[in-house]
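Open the structure in your viewer and keep the selection tool at hand. The stops below go from one selection to the next.

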Amino acid sequence: MSLRTPPVYIAGVAETPLGEVWDQTELSMVALAAREAVAEAGMTLRDVDGIFVNYMGEEGSVQVGEYLGIQPRYADSSDLGGAAFEAFIHHAMLAVAAGRCEVALLAYASRQRTRRGRSMVRARDGSSLASQFEVPYGLPSPIGLYALIAARHMHQYGTTPEQLAAIAVAARQWARLNPKAWSRDPLTVQDVLASRMISDPLHRLDCCLVTDGGGAVIVTTAARARNAAKRAVRVLGAGESHTHWHISQMPDLTVSAGGVSGKQAFEMAGITPADVDVLEPYDSFTITVLMALEDMGFCAKGEGGRFVERNRLGPGGDLPALTSGGGLSYNHPGALGLLLLVEAVRQLRGEAGDRQVKEAKIAVAHGVGGFFSTAGTVVLARE
Amino acid sequence: MSERPAGAFGDAITAPFWEAARERRLVVQRCRDCGRHQFYPRPFCLACGGTALEWAPSKGLATVHALTTVRIAVIPELQPPYVVALVELDEGPRMTTNIVGGTCRIGDRVRVAWRERPDLPPLPVFEPVGEGST
């Protein structure tokens, strides 16, 4: 499928304050990032007429709209968890291309570290299917579901704990080059394997951080992007899908929705994995990255372990990935997908400092949410 | 509006599963049109779209599809470490469960057992099948 619609651009990106944020609310954090992103786009908040927000209180985008003084003509609060912001780019691209809005704001902030707000316990009252058929078995959410997937991948393809650990090491090597990264100490495969086992085969250091953070992204038309203060980046393609909620319903534990979202996005962009200069895959857990590499076609199914073990993802590798340090070492505020977009844009603009990937022309951000349930893929290009 | 009966668990679609569980019988939905089994239950057959569903007894035998040892406390009833598995019933559907009464690996054969729960129907869990018993 080709997209016979006008080109659409990302004209501004920003992070909120990151790490431990004691002196802000989620709304004030979003306001800081949104103002910075619209300034990059050469606009003000008054120009925003489309809003793509979720996980900011009841009724999706409504509270952020009120706080920022935006009364949009297009509003979307699709709930695809970690993939939401890649899906929002998909939706914003189509809405802007169709003329339903002209300046779309994607925004998110969370203080889940300072609020200690990421719970592994789910509702138990018997009213939901999960509370009847999954929760009583003590499956920690989400790590237990990812652990089952990793265990199956290992059984089926011989993937090893060392190979999974290599992904955390690559992320840390990048984080050491990013002054904003939360974890910057040296890390080895042995360190990951020696960290506490949480839910076999996933160790503490196979898991992402829990930090405060968020950001904002502006999506707009070619005409509006021309006035941007910084170089705008073209949205070449996007895709999304989801497969399951309960782990018992996942069609194949070794295949994620990233197959569908990746194929959609790459086809729309007219690229193949070989064209990708920078990859920003969602790294809630090390296995999340490994399976995404396979599902998007960077390597064959089952080859992910061998693909990552020679540090091809790290600095100097042939597929630079997780270049901010990712959710594993830089920042994971919950809906990490937004920060993947921010990093991809900065790499394409050449403003990533010590971690800059040379000659980066095509970047892919790939969000994964739920229990490997959802996926959203976005292809971005420097023109 | 009628009141929820005391002691009821689940909903109209899942209640027969839990009623059978009270008698320590594992049942799964079977489609009379296409013959496929499905779990969890739905008001239609996911395979063929038909609605001629019946509750069929499961043999209670399964193969371990994936498993993890949980080493952190999640719910009060289960003291870590404990094993959570995804098992594939011989009838086809997969279920999330616990492995009790022995250790297991992926590919091992298991059979249903029941965990008693105060105020709730017994919960189907699985235990390793001894050598040569299937």
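Start where the two chains meet, and keep in mind that this is a predicted model. Select both chains and show the residues in contact: 25 residues of chain A touch 25 residues of chain B. On the chain A side, pick out helix 4 (129-133), helix 5 (143-157) and strand 5 (197-199), the elements that each give two or more residues to this contact. Helix 5 of chain A supplies the largest share, with 6 residues. Now colour the chain A side by residue class; 15 of its residues are nonpolar, 7 are polar and 3 are charged.

Next, stay in chain A and go to its sheet. Select the 9 strands of the open sheet, which lie in the order 3-2-4-7-1-8-11-10-9 with mixed pairing. Which strands stand at the edges? They are strand 3 (74-76) and strand 9 (278-281) of chain A; each has a single partner strand, so one side of each is left without a neighbour in the sheet. Look along the sheet to see the twist: on average, neighbouring strands are turned by 20° against each other, direction ignored.

Zoom in on one pair in this sheet. Strand 8 (residues 233-242) and strand 11 (residues 374-381) of chain A run antiparallel and are joined by 8 bridges. As a landmark within the pair, select A:A238 and find A:V378 of strand 11 opposite. Strands of a sheet pair through backbone hydrogen bonds, in either a parallel or an antiparallel way.

Now add the helices that lie on the sheet. Helix 3 (residues 84-97) of chain A packs on the sheet and touches several strands, including strand 1 (8-15), strand 2 (50-53), strand 4 (103-110), strand 7 (213-221) and strand 10 (362-369) of chain A. The direction of helix 3 makes about 120° with that of strand 8 of chain A. Then select helix 9 (residues 258-269) of chain A, which lies across strand 8, strand 10 and strand 11 and runs at about 150° to strand 8 of chain A.

For the last stop, hide chain A and show chain B alone. What does chain B hold in the way of helices and strands? There is 1 helix, and there are 8 strands; from the N terminus, the helix comes ahead of the strands in the run α-β-β-β-β-β-β-β-β. The C-alpha atoms of chain B fill a box of roughly 45 × 35 × 25 Å along the principal axes. Colour by burial, and 33% of the 134 residues of chain B count as buried. Among contacts in chain B with a separation of 6 or more, 47% are between residues 24 or more positions apart.

Definitions and conventions: Residues are numbered from 1 along each chain as its sequence is written. Chains are lettered from A and ligands numbered from 1 in the order in which they are written. This is a predicted model: local features need pLDDT of at least 70, side-chain atom pairs count only at pLDDT 80 or more; totals for chains, interfaces and linings use all residues. Two residues are in contact if their C-beta atoms, placed from the backbone, lie within 7 Å. Helices (H or I, at least four residues) and strands (E, at least two) are DSSP runs, numbered from the N terminus. Ala, Val, Leu, Ile, Met, Phe, Trp, Tyr, Cys and Pro count as nonpolar, Asp, Glu, Lys and Arg as charged, and the others, Gly among them, as polar. Two strands pair if DSSP finds at least two bridges between them. Axes are lines fitted to C-alpha atoms, for helices over the stretch in contact, and angles run from 0 to 180 degrees between N-to-C directions. A residue is buried if 20 or more other C-beta atoms lie within 10 Å of its own, exposed if 12 or fewer, and partly exposed in between; C-beta atoms are placed from the backbone.
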